[in-house]
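Colleague: I want to test a few labels against their cut-offs. Shall we go through them one at a time?

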Amino acid sequence: MEAQSHPTAPAGSPTLAALSVEPLLTSEFDADPGAVYERLRRTYGPVAPVGLAGVPVWLALGYPEVMEVLRNESQWRRDVRYWRARAEGRLPREWPLLAGYEVRQMMFMDDEEHRAARRTHHAALGPFQDARSPEGWELRAAVARYADELVGMLAAESGSSGFADLGAQYTRPLLLMVTTKLFGCPVELGDDLVMDLWRMLDGGPDAGPATGRALAAFTRLAAHRRARPGDDLTSYMLLADPELSDEQLGRELFMNAVYLNDITGNMVLNVLLEVLRGNATVRRSLSAGQLGETVNRAALANPPVANMCFRFAARDVRLGDFWVRAGEVVSPSAAAAHRDLRALGSSHLVGPAVSTRAHLGWGAGPHQCPSAARELGGLIVTTAVGRVFDHFTKAELTLPPDQLPWRSGPVVRGLRLLPVRYELATGALPSPRSEVTPAAHGTHGTHGGDGHARGLRAVLRRLMHAGKRED
Ligand code: HEM
């Protein structure tokens, strides 16, 4: 076979390390990331060098460049060992973003190893996204029931009209309940896991130790379900690949928990926000009962995975107006690329009557969100959003949209809180005291029954109040 020759960067073209970069995560970026993407584009073109906590990375901003990086697997690698600055020990000690990249799980694998891991995930998630399977039916019913219970709790604590934070008092506890249910967490573990996930997701100086603790908790969960299998994702992962060690399964669950909690929760909040702020096309699709399309439109306006995880160049390659060297790092920005799509807003691509499926909210290429996970995420988002508008006769933002506080890290852009003034419909709401029975959970008793439900609810109460304090 003839050896393929690849071009190398011309002498004199600047390396990433040699360029002076502006930090991406500034207060301007927090307030208005769109303005920052625009400026970067005007200055550098569709690919810009930026600094992330002191480390230079290429940010792909243009839709074609982002698609190239997401799709061309042989050029753009996920395995962190391709990262030259890391291999050469040039990353700052205690760099806060490194802890996550060092967790070796499916997202950071390539080729056959990656495809095999995806098959396992797909097989294990499949029953839960399929409405015709008992697990899928049961999960759908549970999401709706949890949503109703949380609204019932709100009514019991704050009355049938008043003020609420749909982040701390609805979306976040809902996603934690779903995770506990889907993963098959017994309550003792659930308590630890829930609290540590919150610490980890909040990021900051404790991110490294919190990641370690969360990983340890998921490893314990893996060992627990190996010994006592149930009808849950953890047990089904083991069925799909009995060779998985507890540590590897713990890592895979950890990554799923990030998507299930943080990303899906942010998607719920982003959809609610687009409706509440009066995004006309989002509202139209919601009132036409097209919840899936509502999610597409909200993802286009504000993708929760704003900037996707790093890809590492396998070889020197031209991207945008620069040469990216082998081993340099690129973050593909869905949020910036969506500006290209929206610029075509009046065209056939994203006209109000036409689907917006060109969005990158689920990623693209070999590492895009697996179809079973997308179904599941879509189901949770549409149920969570649908239940709010079923129960609330009135919900209005109590802050102007441009004053809402955002969490905008290097990857996620999500609301810290979503404060509303609400009025509830005078229909029957489930009493917050009506504990969920093991039979209603449909878990054949593997979750520990009433004790589990009571324990979970106690954790949630604490979280809801902690959320309020922090906000
Ligand atoms: C609305 C909710 C969700 C959104 C917006 C979303 C978005 C994404 C995106 C953008 C990626 C690609 C990231 C990249 O290429 O760097 C991704 C990957 C992934 N997502 Fe989702 N996701 C959602 C829900 C879920 C759920 C519920 C699960 C599992 C329970 C899940 C599991 C995964 C996994 C395992 C990957 C990695 C795939 C791989 O590397 O091959 N996601 N998701």
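**Labels and their cut-offs**

Modeller: Start with C369, in the loop between α15 (334-343) and α16 (371-391). Helices (H or I, at least four residues) and strands (E, at least two) are DSSP runs, numbered from the N terminus. This is a predicted model, where local features need pLDDT of at least 70, side-chain atom pairs need 80 or more, and totals for chains, interfaces and linings use all residues. Residues are numbered from 1 along each chain as its sequence is written, and side-chain values use heavy atoms, without hydrogens and water.

Colleague: What makes C369 a donor of the iron atom of the ligand?

Modeller: Its SG is 2.3 Å from the iron. A donor is an N, O or S atom within 2.8 Å of the metal (3.2 Å for Na, K and Ca), so SG qualifies. C369 is the only protein donor. Water is not among the atoms, so the site may look incomplete.

Colleague: What is the charge situation of E73?

Modeller: E73 sits in the loop between α3 (63-71) and β4 (76-77). E73 is buried yet has no salt bridge. Buried means under 20% relative accessible area (1.4 Å probe, protein chains only). A salt bridge needs a Lys or Arg side-chain nitrogen within 4 Å of an Asp or Glu carboxyl oxygen. The nearest side chain of opposite charge, R115, is 4.0 Å away. R115 is still a contact of E73, as are D111, H114 and P366, leaving aside neighbours within four places in sequence. Contact means heavy atoms within 4.5 Å.

Colleague: Why is strand β3 called largely enclosed?

Modeller: Five of its six residues (55-60) are buried, so the rest of the structure largely encloses β3.

Colleague: Which strands pair with β3?

Modeller: Strand β2 (residues 47-52) pairs with β3 in the antiparallel sense, over six bridges. Pairing takes at least two DSSP bridges. L52 stands opposite V55. In the two-residue turn of this hairpin, A53 takes a positive phi near 45°. Strand β9 (residues 329-332) runs parallel to β3, joined by three bridges. There, W58 stands opposite V330.

Colleague: What makes a set of residues a nonpolar core?

Modeller: Its members are buried Ala, Val, Leu, Ile, Met, Phe, Trp, Tyr and Cys residues joined through side-chain atoms within 4.5 Å. The largest core here has 69 residues, and Y170, F183 and L418 touch the most other members. Helix α12 (residues 246-276) gives the largest share, 13 residues. A second, separate core of 32 residues includes V57, L91, A306 and F310.

Conventions. Buried < 20%, exposed > 50% of the residue type's maximum accessible area, 1.4 Å probe, protein only. Lys, Arg positive; Asp, Glu negative; His and termini not counted.
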